[in-house]
Amino acid sequence: MDPKTAVSVNSDPPYGHIICSEKWRTSSLLQDLKGGGVKILFENELGVADFLLPNKTSLLYVSECDIIAGNGYKRKLVRYRNASSSFQELVLVERTRLSEQYFSAVQKFVVFDLGLSLLPVSGLTEASQLITQIVHGEGKENPFRRRTSCRLLDSVTLTLVQQIPGVGSTKALTLMQKFPSLKEISNASPAELEPIVGEASAQQIYRFFHARLTAGT
């Protein structure tokens, strides 16, 4: 399929594909995606979203530069949340040594103020790996999916939860029985997580979502 083909912004990408904003055409992220076997369809009219993924998921990427530059990223996030769309909205946020001091505020704004799902990534390489797993995961039969569960074991969310350190496939399924969304998992305390995944994993999950507040971090 011609990578320059325009597609409907309301369409669900076919298996193995993502719909991508033109501004990402020359990025290293797209090169990594292609190397992972993901096919790219470019579109000029995605609005604020950067990518549309299978299973009706849209993705907005907030970079280290966006965060450090000031509050402009907040206006973009508000437009993203307010956009009329049938897609589930996911925000990837670069959590680096430079952006770490701002991460707690960014997370609060995204998750608590806007009610969006946030997943921190270390950079474009990790983001491409995550997107690749989501795209290819859509083509696999999920024996745990229940049509009446209303996203309880949604395959995209399941893929994201499996990326959290200390979780993995088995614990992800158990965790999502109690906390069926990324927002609920990120809001959970270690004490709430421990009976489900154990003390060590509970601490890893909590640290994954929350900025370290101790001095020297």
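Which strands does helix α1 (residues 28-35) lie across? In this predicted model, helix α1 lies across β1, β2 and β3 (51-53), and runs at about 140° to β2. A good place to begin is therefore the sheet itself, since α1 lies across three strands, β1, β2 and β3.The sheet is open and built from 6 strands in the order β2-β1-β3-β4-β5-β6, with mixed pairing. Its edge strands are β2 (39-43) and β6 (117-121), each of which pairs on one side only. From one strand to the next, the twist averages 30°. In general, the strands of a sheet pair through backbone hydrogen bonds, either parallel or antiparallel. Here, strand β1 (residues 17-21) and β2 run parallel and are joined by 5 bridges. Within this pair, Cys20 has Phe42 of β2 as its bridge partner.

A further helix meets the sheet at β6. Helix α4 (residues 100-113) packs on the sheet and touches β5 (88-94) and β6. The direction of α4 makes about 155° with that of β6.

Turning to contacts between helices, the axes of α7 (residues 168-178) and α9 (residues 190-197) come within 10 Å and cross at roughly 130°. The two helices are therefore oblique to each other, and their crossing is right-handed. On the α7 side, the contact involves Lys171, Thr174, Leu175 and Lys178, which meet Leu193, Ile196 and Val197 in α9. Sorted by class, this contact has 4 nonpolar, 1 polar and 2 charged residues.

Note on methods. Residues are numbered from 1 along each chain as its sequence is written. This is a predicted model: local features need pLDDT of at least 70, side-chain atom pairs count only at pLDDT 80 or more; totals for chains, interfaces and linings use all residues. Side-chain values use heavy atoms; hydrogens and water are left out. Axes are lines fitted to C-alpha atoms, for helices over the stretch in contact, and angles run from 0 to 180 degrees between N-to-C directions. Helices (H or I, at least four residues) and strands (E, at least two) are DSSP runs, numbered from the N terminus. Angles under 35 degrees count as roughly parallel, over 145 as roughly antiparallel, 65 to 115 as roughly perpendicular and the rest as oblique. A crossing is left-handed if the near helix is turned anticlockwise from the far one by less than a right angle, and right-handed if clockwise. Contact means heavy atoms within 4.5 Å. Ala, Val, Leu, Ile, Met, Phe, Trp, Tyr, Cys and Pro count as nonpolar, Asp, Glu, Lys and Arg as charged, and the others, Gly among them, as polar. Two strands pair if DSSP finds at least two bridges between them.
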